[in-house]
Amino acid sequence: MSTPAQHPFLQKTLPIDWPSLKPEHIEEDISIALANAEAQVEELAQRSLEGLSFENTFLALEKATEDLNRAWSKVTHLDAVCNSKALREAYNAMLPKVAEFFAKIPLNEGLWNILKHAHSVVDHATLSPTQQRFMNETLADFRESGADLPQDQKARFQEIEAELAKLTQKFSENVLDATNAWELIISDPLQLKGLPETSIEEARQSALSKGHGQEGDPKWRFTLHAPSYIAVMTYLDDEAIRKQIWEAHASIGRTAPYDNKELIESILKLRHEKSQLLGKEHFADLTLERRMAGSGAQALTFVEDLHGRIEKAFKREGQELEAFKAEQLGTQPEALEPWEAAYWAEKQRKAKYDFDEEALRPYFAIEAVTTGLFKLTERVFNVKIRELKAHELAWHHEVTTYELLDESDTRLGIFYADWHPREPKRSGAWMDPLSTGAPHDSEHQEPHVGAICGNLSPSTEGKPALLTHREVETIFHEFGHLLHHLLGKVDVRSLSGTAVAWDFVELPSQIMENWCWERESLDLFARHYKDGKPIPEALFQKMLKARTYRAASATMRQLSFAKMDLDLHIHFHTSSERDIETYIKQSIQDYLPRYKTEPPSIIRQFSHLFANSTGYAAGYYSYKWAEVLDADAFTRFKKEGVLSRTVGIDFRDQILSRGNSEEAAQLFRNFMGRDPDLTALLVRCGLVHSA
């Protein structure tokens, strides 16, 4: 048993003693960290203009917020994985204060003058390129955060930042609460026809955990969490139940008391006002000015260009699915209902490729997948991963703790893995960069700390957690983010790891998904949970052939989200159409499949855009842009060896370890020797043929 330390959120010991981090400690501990940070920032702001150096200005400012960042990251992480009434109250009590503190830093006129003066008097030739970049990036951050605004506008800017923090947190809570508020209990086993055995057993155990049914008289519980919802929509024969669950899922964020409509409208207005204060036409230009896209217009051009390239294939796929359903039922082709699409698509895929994704599940036991992922990582990137026996120090008994070591056994980082759904845990999958350490060869060596989380298929009685192939990709994806964080070797913490241009941040994560499709890498982890045999070659070939099934539809879905996002943050404020749902419908009508019943937009549960003050807002296109980067970059591995350590170390040295120490475009050129090429993505999706 761990013994709670005084001020547990302020402790720096590793591994972190999560059980000691109780909601009742949050207000006091964060208040202490805030007071210390405020004192250090104010001391810096009051400095004399004499004797300024990089260390006593820019680096001092970074150090001033380190303890607060470390403590607050623990609070926000617990809010995501262990949400409770007490924790939520403590979090919401401190959130405005923390948000106000960080919003005030760039608006501190004395501090701004110190930094500008230091930048002008410090001999840049004595600094490393990374230190020079940090100075320039810091000044750009300050300007982007209102440092050059007149005093009255600075006050308004600060109000906007605090309000955005509160509104986006409320949006996130509404999505979580609405998801958890719904369940469907089924008593008749005949209604389960079509569902895979794994999904049926998960539903039975879920019902038992909530007091429904018993061993001799089972019931089955279905929820809106991803493993349950996706299985029903993909496999369940009972259309009435599919419709019921689809309608419930579509209503997330749309009904009282969890309606997000007014929150979204307020968030969009505040973001636009913020942009106007800073002299930008709209939020997209403000957000993208320092990303690879450069502007909202450039990002929109990318989305619309890719849309044009795949539009014919997208429409053809829709017509083929309608025709397939009609042929199976002996009817005339007509538009599908939205709760039919995944169901008939799965049947069409089976018919075209004789491929059932459920046939892969026995080869993807989660422990084997993670063990194989670690082996691959060790082999390709020349690191070591070891499990730490510290389960009693995690936030839940399912969480596993690991350390990442370099080739000389120096600890580079510690990380936690939390893969299965729980009601107090938010939906989706993500990586939390809990704290950024110092390079292991620096004077003050300190490991990085991170966590990877998901909502993947849980274990069932008598079986380990058996994953879908998509869930395996999710693990690899989030682990890519984690490697980006843990392998950071930048002599300024603020530029390390994932602190890169947002449309570059998905490259390390998405490139990892490629190893889920290669025979050589699959054989490291894809083994039948009973006999340890690899995926049969015939099944593997079917899997490869089915990879590009409805690729245009999958791509168009992502493009529709990106188009919606950009139009909301570029054009909505000037549109004559003030109803946001109508506006979205007009914006993305050419990006949507044809349905009998028009589904509502995803907007009111679109956490990527509205569960964070910025998040992926005006940046959702980054996923598709990063696919261009990852497909292109992986061609080096395909050419020189899928498990090539030479290429892997180069990717580690040129991309993973470099953080934001150079422009993202230059980092890509350093690895590939040229600018990115869209062709590799289209070839991988089967939308064009390779030369």
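Ala, Val, Leu, Ile, Met, Phe, Trp, Tyr, Cys and Pro count as nonpolar here, Asp, Glu, Lys and Arg as charged, and the others, Gly among them, as polar. Keep these three classes in mind for the close-ups below, which come from a predicted model.

**View 1. The second largest pocket and its lining.** This pocket has a volume of about 590 Å³. It is lined by 22 residues, and those closest to its centre are E202, S206, R221, P421 and P458. Sorted by class, the lining of the second largest pocket has six nonpolar, ten polar and six charged residues. Three elements, α8 (197-209), β2 (220-222) and α9 (226-235), each contribute at least two residues to this lining. Which element gives the most to the lining of the second largest pocket? The answer is α8, with six residues.

**View 2. The largest cavity.** Rolling a probe the size of a water molecule over the atoms shows where empty space is left. The structure has one cavity of 30 Å³ or more, and the largest cavity holds about 50 Å³ of space. To find its walls, look for T370, L373, F374, Y402, F415, A417, W419, I452, I475 and F479. Two or more of these lining residues come from each of α15 (366-381), β5 (411-418) and α16. Helix α15 has the largest share of the lining of the largest cavity, with three residues. How do the residues of this lining divide by class? Nine are nonpolar, one is polar and none is charged.

**View 3. Two helices that cross.** Here you can follow helix α13 (residues 296-329) and helix α14 (residues 341-353), whose axes come within 10 Å and cross at roughly 80°. Angles of 65 to 115 degrees count as roughly perpendicular, so α13 is roughly perpendicular to α14. On the α13 side of the contact you will find E320, L321, F324, K325, Q328 and L329. They meet A341, W344, A345, K347, Q348, A351 and K352 in α14. By class, the contact of α13 with α14 has seven nonpolar, two polar and four charged residues.

**View 4. A salt bridge between R493 and E66.** Side chains of opposite charge can pair when their charged atoms come close. In this close-up, the side chains of R493 and E66 form a salt bridge, at 3.4 Å from N to O. Where along the chain do R493 and E66 lie? R493 belongs to the loop between α16 (469-486) and α17 (507-513), while E66 is in helix α3 (residues 66-81). The pair links distant parts of the chain, 427 residues apart. In total, the structure holds 61 salt bridges.

**View 5. Two cis peptide bonds.** Start with L14 and P15, which are joined by a cis peptide bond with omega of about -5°. P15 sits in the segment before α1 (23-45). Then move along to A256 and P257, also joined by a cis peptide bond, where omega is about 0°. P257 is placed in the loop between α10 (239-250) and α11 (261-277).

**View 6. Positive phi at H7 and R550.** Take a look at the backbone of H7, a residue other than glycine, where phi is positive and near 55°. H7 lies in the segment before α1. R550 is not a glycine either, and has a positive phi of about 55°. You can find R550 in the loop between α19 (537-546) and α20 (551-570).

Terms used
Residues are numbered from 1 along each chain as its sequence is written. This is a predicted model: local features need pLDDT of at least 70, side-chain atom pairs count only at pLDDT 80 or more; totals for chains, interfaces and linings use all residues. Side-chain values use heavy atoms; hydrogens and water are left out. Axes are lines fitted to C-alpha atoms, for helices over the stretch in contact, and angles run from 0 to 180 degrees between N-to-C directions. Helices (H or I, at least four residues) and strands (E, at least two) are DSSP runs, numbered from the N terminus. Angles under 35 degrees count as roughly parallel, over 145 as roughly antiparallel, 65 to 115 as roughly perpendicular and the rest as oblique. Contact means heavy atoms within 4.5 Å. On a 1 Å grid over the protein atoms alone, a cavity is a set of points where a 1.4 Å probe fits but cannot get out, and a pocket is an open set with protein on both sides within 12 Å along at least five of seven lines; lining residues have an atom within 4 Å of a point. Grid points are joined across faces, edges and corners, and a volume is the space filled by probe spheres set on the points. A salt bridge is a side-chain nitrogen of Lys or Arg within 4 Å of a carboxyl oxygen of Asp or Glu.
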